[in-house]
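Here is an informal walk through one model, going from the ligand site outwards. Have the viewer open and follow along.

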Amino acid sequence: MTRTLFVLVAAALALAAPAAARDVMRCEIVGNALDEPSEGEWGVTIDTAWFDDIKAAGFDTVRVPVRWSAHTGEGPDYLIDAAFRDRVDEVLQAALDADLQVIVNVHHFEELMDDPRGQYLKLLNIWNQLGAHYADWPDALHFELVNEPHTALSGAVMRQTLLSALEIVRRTNPTRTVILGGDGYSSIRSFSSLPPVDDPNVVVTFHYYDPFRFTHQRAGWAGPEVADVTRGWPEPGDRAQLEADGDIAAGVQETLGRPVFLGEFGAYEQGPYEDRLRYINAVRETFEAKDIGWCLWNFTGTFPLWSSETGFDARQLKALGLQE
Ligand code: GLC
């Protein structure tokens with residue numbers, strides 16, 4: 001190959017590579033805030049100064065869950081409330097200014113989960129507005145179309161919903177990284193529910209809270225089967241299960257030839273602390289070893305990595321490989 005041809009081919013490959021998505025390796029979720037019915041209702045109001053601290057701790061990305069569906073007018077336009085959008089902008093901009101990549105999503109759209117056909121146009125209108133509004137924002141801003149599809153938003157209806165939302169976004173954001181998760185709360189068993197998408201800037205995500213009886217023991221919102229549980233980690237078989245799950249995600253990544261992203265993991269604070277550290281460390285190491293980036297739930301509120309009284313939990317940072 002001549003040198004000129006080589007340079008041209010290399011340049012074409014570089015253009016095709018989803019470079020931005022690959023940079024998401026160590027991510028923290030700043031949840032329990034803009035995903036509340038209204039910010040502050042569950043006790044967390046985002047301080048934009050947090051993002052410098054998150055960056056300094058070693059994270060490269062933040063994921064910011066947003067309950068857009070609670071801040072629109074009526075159909076058919078479903079106009080997003082301008083004051084709410086300004087507040088989200090302020091938060092996203094502060095994270096970008098801290099030199100972090102930012103994932104913004106549609107979180108807790110529960111009506112869509114229960115009635116996808118009835119709420120479908122609302123989702124598309126939300127993404128139509130967000131796509132236009134953020135079209136000129138830097139590539140470091142990533143979109144995630146729907147957090148954890150579940151209940152009736154599953155199978156063919158889910159696939160059609162995600163594809164339509166993606167098509168709307170692509171009209172204004174042809175190459176922005178867009179993240180898709182499958183049904184059943186985007187668990188590691190959800191990959192096969194996703195639609196095939198021929199788009200180099202689409203990233204497939206999954207959430208990992210297995211074993212659920214460990215990660216959600218006594219979590220009030222997680223149902224009666226975990227209400228009274230006290231469980232450590234690892235129990236016999238747990239490490240083998242994690243290894244097998246790491247292989248599943250790595251296999252999907254290889255088959256797709258594109259990044260797969262662990263968009264949420266963590267363990268609720270009611271679980272035994274040392275076991276939680278062991279778990280966070282093992283999950284992070286397992287997927288990181290497969291070149292799969294991860295995102296920890298959650299900065300503050302539930303599953304806290306940080307609190308206003310004590311700052312960062314240094315041992316969790318260590319378990320994440322971010323501090324000696
Ligand atoms: C999901 C839910 C969020 C919950 C978290 C951990 O992201 O949307 O509400 O706190 O998982 O259970």
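## The ligand site

Start with E264: an N or O atom in its side chain sits 2.8 Å from an oxygen atom of the ligand. Bear in mind that this is a predicted model. H108 also comes in with a polar side-chain atom, 3.0 Å from a ligand oxygen, and N147 does so at 3.5 Å. The full set of residues around the ligand is H107, H108, N147, E148, Y209, H216, W221, E264, W297 and F303.

H108 deserves a second look for its backbone. Its phi is near 55°, a positive value in a residue other than glycine. You'll find H108 in the loop between β3 and α5. Is H108 buried, or partly exposed? With a relative accessibility of 24%, it counts as partly exposed, because buried would need a value under 20%.

## Strands β5 to β8

E264 belongs to a pairing between strands: H207 stands opposite E264 in β7. Strand β7 covers residues 260-265, and 6 of its 6 residues are buried. On one side, β6 (residues 202-208) pairs with β7 in the parallel sense over 5 bridges, and F206 stands opposite L262 in β7. L262 has a bridge partner in β8 as well, namely W294. Strands β7 and β8 (residues 294-296) run parallel, joined by 2 bridges. To get from β7 to β8 the chain passes through helix α11 (residues 273-288), in a right-handed β-α-β crossover.

Now for β6. All of it is tucked away, with 7 of its 7 residues buried. Side chains in a regular strand alternate between the two faces of the sheet. In β6, V202, V204, F206 and Y208 point one way while V203, T205 and H207 point the other way, and all are buried. Strand β5 (residues 178-181) pairs with β6 too, in the parallel sense over 4 bridges; one of the matched pairs is I179 with V203 in β6.

## Two helices, α4 and α6

Both helices can be checked with a ruler. Helix α6 (residues 116-134) has 19 residues, so at 1.5 Å a residue it should span 27 Å; its end C-alpha atoms are 25 Å apart, which agrees. For the 16 residues of α4, the expected span is 22 Å and the end C-alpha atoms are 22 Å apart, so that agrees as well.

What do their buried residues pack against? Those of α6 pack against α4 (82-97), β3 (101-105), α5 (110-114), β4 (141-144) and α7 (155-172), and the buried set includes L123, L124, I126, W127 and L130. Those of α4 pack against α3 (50-56), β2 (61-64), β3, α6 and β4. Among the buried residues of α4 are F84, V88, V91, L92 and L96, along with the charged-type names R87 and D89. After α4 comes D99, whose phi is positive, near 65°.

## Backbone oddities in the loops

Two cis peptide bonds are worth marking before you set anything up. The bond from G75 to P76 is cis, with omega near 5°, and P76 lies in the loop between β2 and α4. The bond from D210 to P211 is cis too, with omega near -10°; P211 is placed in the loop between β6 and α9 (212-215).

D291 has a positive phi, near 65°, and is a residue other than glycine. D291 lies in the loop between α11 and β8, and counts as partly exposed because its relative accessible area is 38%.

Methods:
Residues numbered from 1 in each chain as written. Predicted model: local features only at pLDDT ≥ 70, side-chain atom pairs only at ≥ 80, totals over all residues. Heavy atoms only, no water. Buried < 20%, exposed > 50% of the residue type's maximum accessible area, 1.4 Å probe, protein only. Pairing = 2+ DSSP bridges. Right-handed = clockwise from strand over helix to strand, strands pointing away. Expected span 1.5 Å × (residues − 1). Contact = heavy atoms within 4.5 Å. Near = heavy atom within 4 Å. Polar contact = N/O pair within 3.5 Å; in protein donor to acceptor, adjacent residues only side chain to side chain.
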